[in-house]
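Colleague: I have not seen this structure before. Could you take me through it, please?

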Amino acid sequence: MILQTALLLIGLVLLVKGADWLVDGASVLAKKKNVSDLAIGLTIVAFGTSAPELVVNAVAASGNYPDIVFGNIIGSNNFNLFVILGIAGLIVPLSVQSTTVWKEIPFSLLAAVLLFLLANNFIFGDSKGFSRLDAGIHLVLFAAFLYYVATQLKSDPSEEKIEIKDYSTGKIWGLIFLGLAGLVGGGKLVVDNAVAMAQSLGVSEKIIGLTIVAAGTSLPELATSVVAAMRKNADIAIGNIIGSNIFNIFLILGVSGLIRPMTYNTGFDTDLYILAAGTIFLFFAMFTGKRHKLDRWEALLLLVFYLLYTGYLIGLEA
């Protein structure tokens with residue numbers, strides 16, 4: 001058990017560092033090839049914080065561990081919304097742009113609702129679980145979201161500038177290969193040892209996926225949003241979370257479903273209800289207290305609710 005925990009933690013560290021190395025190397029390479037800051041931000045940098053979830057899910061889908069696949073994504077989204085946004089909002093009340101309130105938060109809610117409808121076969125009753133057709137729909141909607149973000153950035157040039165370091169060619173390729181190796185190796189360690197831990201503890205893969213794996217793969221989002229909040233950059237703090245939740249459901253579950261169609265454990269429905277309710281709460285929080293702002297007491301409610309619910313989940317397995 002101690003060895004499995006240690007290997008899981010090593011895997012999470014490799015995932016986070018691997019994503020950092022890959023983004024650093026790929027960003028510099030793209031800049032040297034005269035790729036625009038906008039394109040780099042939309043692809044390489046945006047991919048960076050979602051890379052741990054993507055790799056873990058690719059490994060889990062390949063190994064036919066659907067509870068890890070869904071638990072990682074749904075759990076990561078709840079962790080992002082309730083814990084990371086809660087912590088960031090306690091550091092400083094988060095002002096939210098009007099476009100985020102009226103477009104991005106509703107789009108995030110759409111992602112959760114659509115996942116619920118497709119996974120439970122309410123739309124395509126003859127499909128079993130999460131099919132490749134469902135995955136394709138997710139990827140099409142992800143492309144639509146990416147197009148929306150691109151048009152938003154073009155209309156606000158101040159958001160396009162990305163600070164990129166200058167490395168030698170050897171260091172660039174070294175970072176890219178190290179990043180890829182860290183992601184692949186870390187993803188394998190996380191999935192294998194998460195499954196082994198579930199078996200050793202006598203708990204379900206669903207709980208391990210929703211808690212340990214989900215929190216671990218959300219570390220890049222946690223770091224980004226907390227630093228942004230400390231610098232009083234609310235747009236990055238909240239935009240990172242909403243964007244990541246959309247990426248996770250549409251892109252990462254879409255890719256996972258293409259790798260392997262998966263059965264869906266309806267036990268995740270409760271967690272999707274909570275994700276949808278939390279997103280709706282965030283929307284209405286924009287109109288209570290100070291307009292278009294997540295106040296500290298609202299952030300505290302998010303954080304306390306998550307801690308209570310997680311305790312309840314663990315208690316069910318005890």
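Colleague: What share of the residues of the protein chain counts as buried?

Modeller: Of the 318 residues, 52% count as buried. Please keep in mind that this is a predicted model.

Colleague: And how much surface does the protein chain expose?

Modeller: About 13,900 Å² is exposed, and carbon and sulfur atoms supply 68% of that area.

Colleague: How many helices and strands are there?

Modeller: The protein chain has eleven helices and two strands. Reading from the N terminus, the elements follow the order α-α-α-β-α-α-α-α-α-α-α-β-α. The radius of gyration is 19 Å, close to the 20 Å that the globule rule gives for 318 residues, so the protein chain is as compact as a globular protein of that length. Along its principal axes, the C-alpha trace spans about 50 × 50 × 40 Å.

Colleague: What part of the contacts comes from residues 24 or more positions apart?

Modeller: Such pairs account for 81% of the contacts with a separation of 6 or more.

Colleague: Turning to annotation, where does UniProt place the feature "transmembrane region"?

Modeller: The unreviewed UniProt entry places this feature at several spans, including residues 79–96, 207–230 and 299–316. In the model, residues 207–230 are 96% helix and 0% strand, with the end C-alpha atoms 32 Å apart. Residues 299–316 are 100% helix and 0% strand, and there the end C-alpha atoms lie 26 Å apart.

Colleague: How many salt bridges does a search of the whole structure find?

Modeller: The search finds two. In one of them, the side chains of Asp192 and Lys188 meet at 2.6 Å, N to O. Both residues belong to helix α6 (residues 169–201) and are four residues apart, about one turn of the helix.

Colleague: Is Asp192 buried or exposed?

Modeller: Asp192 falls in between: it is partly exposed, with a relative accessible area of 33%. Lys188 also counts as partly exposed, at 44%.

Colleague: Which side chains form the salt bridge at 3.8 Å?

Modeller: Those of Lys206 and Asp271 do, with the distance taken from N to O. This pair links distant parts of the chain: Lys206 is in helix α7 (residues 205–217) and Asp271 in helix α10 (residues 269–285), 65 residues apart.

Colleague: Why do Lys206 and Asp271 count as buried?

Modeller: Buried means under 20% relative accessible area. Lys206 counts as buried because its relative accessible area is 11%. Asp271 counts as buried because its relative accessibility is 1%.

Colleague: A different topic: where is Ser76 found?

Modeller: Ser76 is in helix α3 (residues 66–91) and counts as buried at 0% relative accessibility. Its side chain reaches the backbone oxygen of Asn72 at 2.7 Å.

Colleague: Which residues does Ser76 touch, not counting those up to four places away in sequence?

Modeller: Ser76 touches Glu53, Gly71, Ala214, Thr217, Ser218 and Asn248.

Colleague: Finally, the backbone. Which residue in the loop between α2 and α3 should I look at?

Modeller: Asn64 lies in that loop. Its phi is near 60 degrees, a positive value in a residue other than glycine. Most residues other than glycine have a negative phi. Asn64 is partly exposed, with a relative accessible area of 43%.

Colleague: And what is the phi of Asn121?

Modeller: Asn121 has a positive phi of about 60 degrees although it is not a glycine. This residue is found in the loop between α4 (98–119) and α5 (132–155), and at 23% relative accessibility Asn121 counts as partly exposed.

Key
Residues numbered from 1 in each chain as written. Predicted model: local features only at pLDDT ≥ 70, side-chain atom pairs only at ≥ 80, totals over all residues. Heavy atoms only, no water. UniProt positions renumbered as here; feature names shortened; annotations may be inferred. Salt bridge = Lys/Arg side-chain N within 4 Å of Asp/Glu carboxyl O. Buried < 20%, exposed > 50% of the residue type's maximum accessible area, 1.4 Å probe, protein only. Polar contact = N/O pair within 3.5 Å; in protein donor to acceptor, adjacent residues only side chain to side chain. Contact = heavy atoms within 4.5 Å. Rg over C-alpha atoms; globule rule 2.2 N^0.38 Å. Areas by Shrake-Rupley, 256 points an atom, 1.4 Å probe, with all protein chains shown as cover.
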